[in-house]
Amino acid sequence: MDAAAVQVDQTSRAAIPRAALLGVAGLLPALLLAAHPALTLFEENQTELPLDVIWRPLGISFVATAALYSVLMLITRRWAKAGALTALGVLWFFFYATFRNDTSGLHLSGGVAVLLWTVLCAVAAVAIARTRRGLANLVLGVGVAALVLTLSPALKIASFQHRHPAVKSSDARLWAADPLPPPGPAAKRPDIYVLIPDDYARADVLRRYFHYDNSAFAAQLRRRGFTISSNARSPYSDSESNIAAALNMGYLDGLATILGKTSQDVRPLKTLMEDSRTSQLAKTVGYRYVHLDSDEVTFAAGNPDISSVATPDSYPSLWLRKSVLREVGGRFGFNDGAQDERFRRNYGSSFARLDSVAAQPGPKLVVFHTLLPHDPYIFGAHGQPVTFPSTSDEVIHSRLGMRYYLPQLEYVERLLLHAVDTIRNHSKGAVIVIQADEGFESGDKTFSEATALDIRVKGLLALSLPGVSGVRAPQPPNTVNTMRYVYNELFGTRYSMLPTRSAPDGDYPYQWERLHVR
């Protein structure tokens, strides 16, 4: 081989890693831009979310971006042009919400806004495609800007994760002041169902403030052997704290001790709902635990039984709502109508799963949470689709929201009665507890502050313990005592009833003030 050929061969070999580096350089700015919306959304909500939820959106973003870049490389044969066009494509798809917010003063409809955004990006794309100038500096500038944008939320996330290690349900400090010994061997082990309708208000609240009489529903429950509490109340004023306290049969003072009263980290509440003392104690006497939810409220890292985009407030749904898909309807869209319809289907499949569990062998403890009758208001009294005219929290919690709340409450009454009948058809001796996490959440302009706080902690409690004589509502009347009472009656435990207390929402989730309940 002559010297010239050797030199050409060496030059070709040297060009391969250089081309690879340029290829990566062209892709990197777009990858950083694609990561920014997912990282920013997570950083804004990281006190409520496990780190696991971020990986799938990031992975989808990276794969889609890399695929687009590969196609554009094949078309343009130029790394800088392909990189600039890919970054523009990412900007168009993932940064639509930013454009929408920046132009909110123009009062554009969704269709007009997405059309305008698409035209602007298309004009920029044509300019990039047609230019004969080198685009390396443009790609470099985009890369630097994207790095600055992305680095800030990434560092905040890393810092938060380092400073706030996970709290495990086995942490002895949680219940150091209130340990519960496991039950002894049980002569009878009936199936146990805990059904949790979200925000189902107590009967007296419905009569006084909604002018709604639920006595027909109550009569149907009594006919099925239920005892209904007339003065049940919850310990807190938010769903997660109330469900965690009820399923762990105790107040959450241990979390304040572990995390500090000024902590904003509410992730441990999810852990305590998913792996509670109620389920742990049942397992010691041979129960199988079945955990169901029509939402993600009671799961620490997403509900494995439903799609990650089945609920409108899931992290993946909120992430995609920042994209152009927020203006798209149908199966793959994320506008309000598409999300409502997806959520309706999810409710149907969730109650169907509850029905199917009844036929499974026992003994089993089944905990089922449904967001109904809580907003979003998407059902009429007979399950027909309805559309609430606003997404504003102020309107949702107004008197208009109250009018939409009632039909959805009537619908969940039908669903609950059907669930009870299905359970009874398979297990006549099943213990069933129907216990709302709390009462109705009203806005501060709907009622006086004192009234709003009062009705917030007053929710439905009905329980049926076949074969147990003299069943009564647990006293003192607080939902932290319900499962204590049930286990005492079923398993002969001697768990003491806790003094009742309630707390309003405060500036910090673990800094509780005493609420005077009327």
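**View 1. The end of helix α12 and the residues that it buries.** In this predicted model, helix α12 is followed by Gly286, a residue whose phi is positive, near 95°. The helix itself spans residues 277–284, and Arg277, Thr278, Ser279, Leu281 and Ala282 within it are buried. The cover over these buried residues includes two helices, α9 (239–247) and α18 (482–491), together with the strands β3 (288–293) and β4 (364–373). Arg277, which is one of the buried residues of α12, places its charged end over the ring of Trp175, 4.2 Å from the centre of that ring.

**View 2. An aromatic pair between helix α14 and strand β4.** The model holds 20 aromatic pairs, and one of them, formed by Phe351 and Phe368, is edge-to-face, with 5.0 Å from centre to centre and 70° between the planes. Phe351 belongs to helix α14 (residues 336–357) whereas Phe368 belongs to strand β4, so the pair ties together parts that are 17 residues apart in sequence. With a relative accessibility of 6%, Phe351 counts as buried because the limit for that class is under 20%. Phe368 is likewise buried, its relative accessible area being 1%.

**View 3. An aromatic pair within helix α18.** The ring centres of Tyr487 and Phe491 are 5.1 Å apart and the ring planes meet at 70°; because planes over 60 degrees apart count as edge-to-face, the pair is assigned to that class. Both residues lie in helix α18, where they are four residues apart, or about one turn of the helix. Tyr487 is buried, with a relative accessible area of 0%, and Phe491, at 8% relative accessibility, also counts as buried. Helix α18 is, in addition, among the elements that cover the buried residues of α12.

**View 4. A cluster of rings, and a charge over a ring.** Trp92, Phe93, Phe94 and Trp319 are linked into a cluster by ring pairs. Elsewhere, the charged end of Arg342 sits over the ring of Phe334, at 4.5 Å from the ring centre.

**View 5. The second largest pocket and its lining.** This pocket has a volume of about 340 Å³. Its lining includes the run Phe440, Glu441, Ser442, Gly443 and Asp444, along with Glu449, Ala452, Leu453 and Arg456. Ser237 and Asp505 also line this pocket. Sorted by class, the lining has five charged, three polar and three nonpolar residues.

**View 6. The largest cavity and the elements around it.** There are three cavities of 30 Å³ or more in the model, and the largest of them encloses about 90 Å³ of space. Among the residues that line this largest cavity are Val194, Ile196, Asn242, Ile243, Ala246 and Leu247, and the elements that give two or more residues to the lining are β1 (192–198) and α9. Helix α9 gives the most, with four residues, and this helix is also part of what covers the buried residues of α12. The lining is completed by Gln435, Ala436, Asp437, Thr479 and Met483. By class, seven of the lining residues are nonpolar, three are polar and one is charged.

Notes:
Residues numbered from 1 in each chain as written. Predicted model: local features only at pLDDT ≥ 70, side-chain atom pairs only at ≥ 80, totals over all residues. Heavy atoms only, no water. Buried < 20%, exposed > 50% of the residue type's maximum accessible area, 1.4 Å probe, protein only. Contact = heavy atoms within 4.5 Å. Phe/Tyr/Trp six-rings, centres within 6.5 Å; stacked < 30°, edge-to-face > 60°. Lys NZ or Arg CZ within 6 Å of the ring centre and 35° of its normal. 1 Å grid on protein atoms, 1.4 Å probe; cavity = no way out; pocket = protein on both sides within 12 Å on 5 of 7 lines; lining within 4 Å. Points joined across faces, edges and corners; volume = space filled by probe spheres on them. Nonpolar A, V, L, I, M, F, W, Y, C, P; charged D, E, K, R; others polar.
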